[in-house]
Amino acid sequence: MNRRLMLSPFFLWVTVIALTIFVKTPLTSCAAERPNIVVILADDQSYRDFGFTGNPLVHTPQIDQLAAASARYPNGYVPMSVCRPSLATILTGLYPHQHGIHFNHPPPGLRTMQKTMTADEYHQARATTDYLIQNVPTLPRILAQHGYACLQTGKHWEGSYQTAGFTHGMTRGLPAKRLGHVTGTREQANGEWVAHGNGDAGLVIGRETMQPIESFIEEYAGKIPFFVWYAPFLPHTPFDAPQRFHDLYKGRDIPKHLRPYYAEIARFDETVGQLMGFLSQHDILDDTLIVFASDNGFRPDERAPTRQNRRSKLSPFEDGLRTPILLCWPKTIKPAEHPQLVSTVDLVPTILAAAGLSAEITPRMRGRNLLPSARGDETLADQPAFGAIYPNDAQSLGAPSQHVRGRWIRWGDYKLLLPGPTKNPVKKSLFDLKHDPAEQNNLIDQADQTERIARMTQRLDEWWPPGDDSDVTQRKVNR
């Protein structure tokens with residue numbers, strides 16, 4: 001039997017959806033009974049490493065079945081190809097140059113912090129960025145103000161879960177009880193332990209346990225609406241998946257450098273099935289909006305498989321920036337594929353609209369509500385996708401335009417990269433993604449592209465003018 005057609009116990013509901021006539025739920029009932037919200041985020045997974053996006057080798061049956069029941073947006077993008085700024089966008093609905101979290105590590109940078117600081121100094125340095133998430137409306141903060149219980153698990157760079165407005169959570173911005181990458185707890189040069197910053201104790205979700213999510217759903221299912229943030233440290237390194245996940249690929253012609261990464265993807269996929277099982281067991285699938293995306297892409301380097309290659313994570317190329325986006329809400333969202341360009345900046349407006357909270361969408365949130373297209377009510381208009389590339393470490397706060405390596409726009413089949421003012425800028429480039437999906441043929445000097453480049457540059461400048469930091473989240477007056 002084709003492994004992609006096998007139904008797990010957790011996903012029998014997909015078959016029911018596929019075999020029944022789609023029934024729209026009136027918008028009034030959506031507002032009267034707000035849906036639960038579950039956001040599932042892959043950590044370091046390329047858009048092309050899912051079965052439903054056309055990879056015949058990778059093992060993702062649970063995610064593939066979720067996709068079969070979803071409105072699918074295969075041409076989705078993150079605005080920055082590394083985790084912290086990307087996750088902050090999903091929390092706030094703002095671009096990195098707006099929320100100001102355009103880096104993983106605050107000044108003076110990770111290496112200096114690890115080598116020269118005490119544990120207290122290290123944590124104080126990380127806390128200097130708390131205001132960037134505290135001074136803006138966030139998805140969990142808004143939902144909590146309207147009666148939602150909000151659980152954070154997995155990746156979370158903004159200190160304690162409470163900093164971003166979650167009511168419940170696993171991450172506290174403090175060292176976990178044991179040292180290691182999967183607890184986010186690192187050793188300083190002076191021997192003290194610190195919370196690296198990417199999620200500390202919350203990083204065990206998916207790798208070692210799903211119990212916090214199971215218990216949270218058990219407590220709130222059918223009582224009050226809830227929001228689950230499931231952002232596991234998967235399939236991110238360390239690639240330490242149990243042997244049974246490697247065994248899934250026996251006999252397949254898979255390059256050696258991809259096998260550990262693919263095993264980790266299979267491990268992540270299993271946890272998605274477990275989470276869906278919790279919802280099914282409580283008979284709340286019809287009452288739950290499920291959102292799926294990657295925080296950024298990743299492809300292993302052939303010579304160093306635990307490292308990303310130069311054209312994925314932290315890069316301006318498709319393997320770093322592109323992600324499929326799935327929206328699943330049985331009986332409300334119509335399973336279908338939408339080829340238009342979308343972005344993770346669209347997720348907060350979409351979720352708030354689904355919860356009947358469109359009034360909470362602020363003017364700074366420049367994404368669009370995808371729900372009308374997902375319901376089958378409207379055809380999504382064609383729009384460009386935008387973003388920018390920054391260094392992993394920040395040199396200062398509040399001035400992203402000084403640190404941007406380059407801005408990018410995808411408009412139709414073309415992508416334009418414009419260099420920024422930093423020492424390591426991106427190369428000025430124009431790619432025709434329809435005919436050159438691997439982005440190998442730079443058209444920037446082609447005479448017949450001059451007009452296109454001018455139009456795309458103008459549109460990019462309208463999105464974020466060079467040197468303009470007027471929209472970045474500002475520090476509180478009393479800080």
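**Close-ups of a predicted chain**

**View 1. The whole chain, before we zoom in.** The secondary structure adds up to 16 helices and 15 strands. With a radius of gyration of 21 Å, close to the 23 Å from the globule rule for 479 residues, the chain is as compact as a globular protein of that length. Keep in mind that this is a predicted model. The C-alpha trace spans about 60 × 55 × 55 Å along its principal axes, and 58% of the 479 residues are buried. Of the contacts between residues at least 6 apart in sequence, 70% join residues at least 24 apart. The chain exposes about 19,300 Å², with carbon and sulfur atoms supplying 51% of that.

**View 2. The annotated stretch, residues 35-356.** An unreviewed UniProt entry labels this part "domain: Sulfatase N-terminal". Here the chain is 31% helix and 16% strand. The C-alpha atoms at the two ends of the stretch sit 9 Å apart.

**View 3. Tyr-73 and the nonpolar cores.** The largest core has 50 residues, and Tyr-73, Leu-143, Phe-227 and Trp-229 are the ones with the most contacts inside it. Leaving aside residues up to four places away in sequence, Tyr-73 touches a string of others, including Thr-323, Pro-324, Ile-325 and Leu-327, and also His-338, Val-342 and Leu-380. There's a second, separate core too: it has 35 residues, among them Leu-66, Tyr-230, Leu-234 and Phe-268.

**View 4. Aromatic rings in pairs.** The whole structure holds 17 aromatic pairs. Take Phe-50 and Phe-52: their ring centres are 5.4 Å apart and the planes meet at 45°, so this pair is tilted. Phe-50 is buried, at 0% relative accessible area, while Phe-52 is partly exposed at 24%. Tyr-77 and Trp-408 make another tilted pair, 5.5 Å centre to centre with 45° between the planes. That one links distant parts of the chain, since Tyr-77 belongs to strand β2 (residues 71-77) and Trp-408 to strand β13 (residues 406-411), 331 residues apart. Both Tyr-77 and Trp-408 are buried.

**View 5. A cluster of rings.** Ring pairs join Phe-239, Tyr-249, Tyr-261, Tyr-262 and Phe-298 into a cluster.

**View 6. Gly-277 in helix α12.** This helix runs over residues 259-281. Gly-277 has 3% relative accessibility, so it counts as buried. Pro-425 is well out of the frame: Gly-277 and Pro-425 are 148 residues apart in sequence and 46 Å apart in space, C-alpha to C-alpha.

How values were computed:
Residues numbered from 1 in each chain as written. Predicted model: local features only at pLDDT ≥ 70, side-chain atom pairs only at ≥ 80, totals over all residues. Heavy atoms only, no water. Helix = DSSP H or I, 4+ residues; strand = E, 2+ residues; numbered from the N terminus. Buried < 20%, exposed > 50% of the residue type's maximum accessible area, 1.4 Å probe, protein only. Core = buried A, V, L, I, M, F, W, Y, C linked by side-chain atoms within 4.5 Å. Contact = heavy atoms within 4.5 Å. UniProt positions renumbered as here; feature names shortened; annotations may be inferred. Rg over C-alpha atoms; globule rule 2.2 N^0.38 Å. Areas by Shrake-Rupley, 256 points an atom, 1.4 Å probe, with all protein chains shown as cover. Phe/Tyr/Trp six-rings, centres within 6.5 Å; stacked < 30°, edge-to-face > 60°.
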